[in-house]
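Subject: Model for your review

Hello,

Here is the structure I said I would pass on. My notes on it follow below; please read them with the coordinates open.

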Amino acid sequence: MMLRLILAGGGYSRAEYLKKKHYFKSIGEHVYLQPWNFGTEPELISFGDNVHVASNVNFVNHDITCMMFNYMDKEHHYKIRQGEITIGNNAFIGAGSRILYNVTIGDNVIIGAGSLVNKNIPSGTVAAGVPCKVIGSFEEYQQRMVKDEFK
C-alpha cells in the first residue's frame, strides 16, 4: 500500500485511494492528504468534507505508557488508552502538527503549523501552539484572505 501511496500523485489522489480502500473510519469529499503515515489505528480517524492536511502531520490514536507500567508493576494491569480523532468540514491542519487521541476538530477550523492538538478545537476558530489554543476566528481569517492582507 505504501508504494501505491507514493505513486498516487498528489494529496487529492492519495485521499481518494485511501477512501476506496476504506482505510479510515470515514472520509468526506474533496479531501487533500499530504502525510504518508496515519499512525497504527487509521480506522479511528474521521475526516469531513473539504479537509486539507499538510505535510508531516502526525495522528496519534493511543498512549502506550501502560506497557511501561505493566512491565514495572506486576500487581496491577494497566489498559491501553486510545481514542478517535475526528476532523470536521472545511478544516486545514498545518504542516508538522500532531493530533492526539480523543480529539475533535470542529467545522471551519484552521490549525497552525507545528501545533500539538491535545484537546477539542471548537468550530469557527483558528488555533495554534503547543498546546494548541484558539487564537482567532475562522471568519476573520477568511476575510483577511479575501482582502489579501497576508503579503
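F24 is buried in this predicted model, with a relative accessibility of 7%. Its ring pairs with that of Y23 in an edge-to-face arrangement, the centres 5.2 Å apart and the planes at 80 degrees. Y23 itself is partly exposed, at 23% relative accessible area. The ring of Y23 also pairs with F38, again edge-to-face, at 6.4 Å centre to centre and 75 degrees between the planes. Y23 sits in the loop between α2 (11–20) and β1 (26–27), and F38 in the loop between β2 (32–33) and β3 (45–47), so this pair ties together parts that are 15 residues apart in sequence. F38 is buried, with a relative accessible area of 1%.

These pairs belong to a wider set. Ring pairs link Y23, F24, F38, F47 and F59 into a cluster, and the structure holds 8 aromatic pairs. A charged group also meets a ring: R14 lies over the face of W36, 3.9 Å from the ring centre.

Now the core. In soluble globular proteins, nonpolar side chains tend to be buried together. The largest nonpolar core here has 27 residues, and those with the most contacts inside it are L33, F47, F59, I87, I99, I105 and I111. Two or more residues each come from α2, β3, β4 (51–53), β8 (85–87), β9 (91–93), β11 (103–105) and β12 (109–111). The largest share, 3 residues, is that of α2. F47 and F59 appear both in this list of core residues and in the ring cluster. As for I99, once residues up to four places away in sequence are set aside, it touches V57, N58, F59, V60, I85, I93, I105 and V117.

On cysteines, the structure holds 0 disulfides. C66 is buried, with a relative accessible area of 8%, and C132 is buried at 8% as well.

The loop between β12 and β13 (116–117) deserves a look, with A113 as one of its residues and S115 as another. Which of the two is buried and which exposed? A113 counts as exposed because its relative accessibility is 59%, and the cut-off for exposed is over 50%. S115 counts as buried because its relative accessibility is 1%, against a limit of under 20%.

Leaving aside neighbours within four places in sequence, A113 is in contact with G94, A95 and S97. The C-alpha atoms of A113 and N90 are separated by 17 Å, and the two residues are 23 apart along the chain. With the same neighbours left out, S115 is in contact with G96, S97, R98, A127, A128, G129 and C132. S97 is thus listed as a contact of A113 and of S115. The side chain of S115 also reaches the backbone nitrogen of G129, at 3.1 Å.

Next, the backbone. Most residues other than glycine have a negative phi, and most peptide bonds are trans. Where does this model depart from that? The peptide bond that joins V130 and P131 is cis, with omega about -5 degrees. P131 is placed in the loop between β14 (125–128) and β15 (133–137).

Several residues have a positive phi:

- N90 has a phi near 55 degrees, a positive value in a residue other than glycine. Its place is the loop between β8 and β9, and at 32% relative accessibility N90 counts as partly exposed.
- N102 has a positive phi of about 60 degrees and is not a glycine. It is found in the loop between β10 (98–100) and β11, where N102 is exposed, with a relative accessible area of 51%.
- D148, which follows α4, has a positive phi near 55 degrees.

At the other end of α4 (residues 138–146), S137 caps the N-terminal end of the helix: a side-chain oxygen of S137 lies 3.3 Å from the backbone nitrogen of E139.

Regards

Technical notes:
Residues numbered from 1 in each chain as written. Predicted model: local features only at pLDDT ≥ 70, side-chain atom pairs only at ≥ 80, totals over all residues. Heavy atoms only, no water. Disulfide = S-S within 2.5 Å. Buried < 20%, exposed > 50% of the residue type's maximum accessible area, 1.4 Å probe, protein only. Phe/Tyr/Trp six-rings, centres within 6.5 Å; stacked < 30°, edge-to-face > 60°. Helix = DSSP H or I, 4+ residues; strand = E, 2+ residues; numbered from the N terminus. Lys NZ or Arg CZ within 6 Å of the ring centre and 35° of its normal. Core = buried A, V, L, I, M, F, W, Y, C linked by side-chain atoms within 4.5 Å. Contact = heavy atoms within 4.5 Å. Polar contact = N/O pair within 3.5 Å; in protein donor to acceptor, adjacent residues only side chain to side chain.
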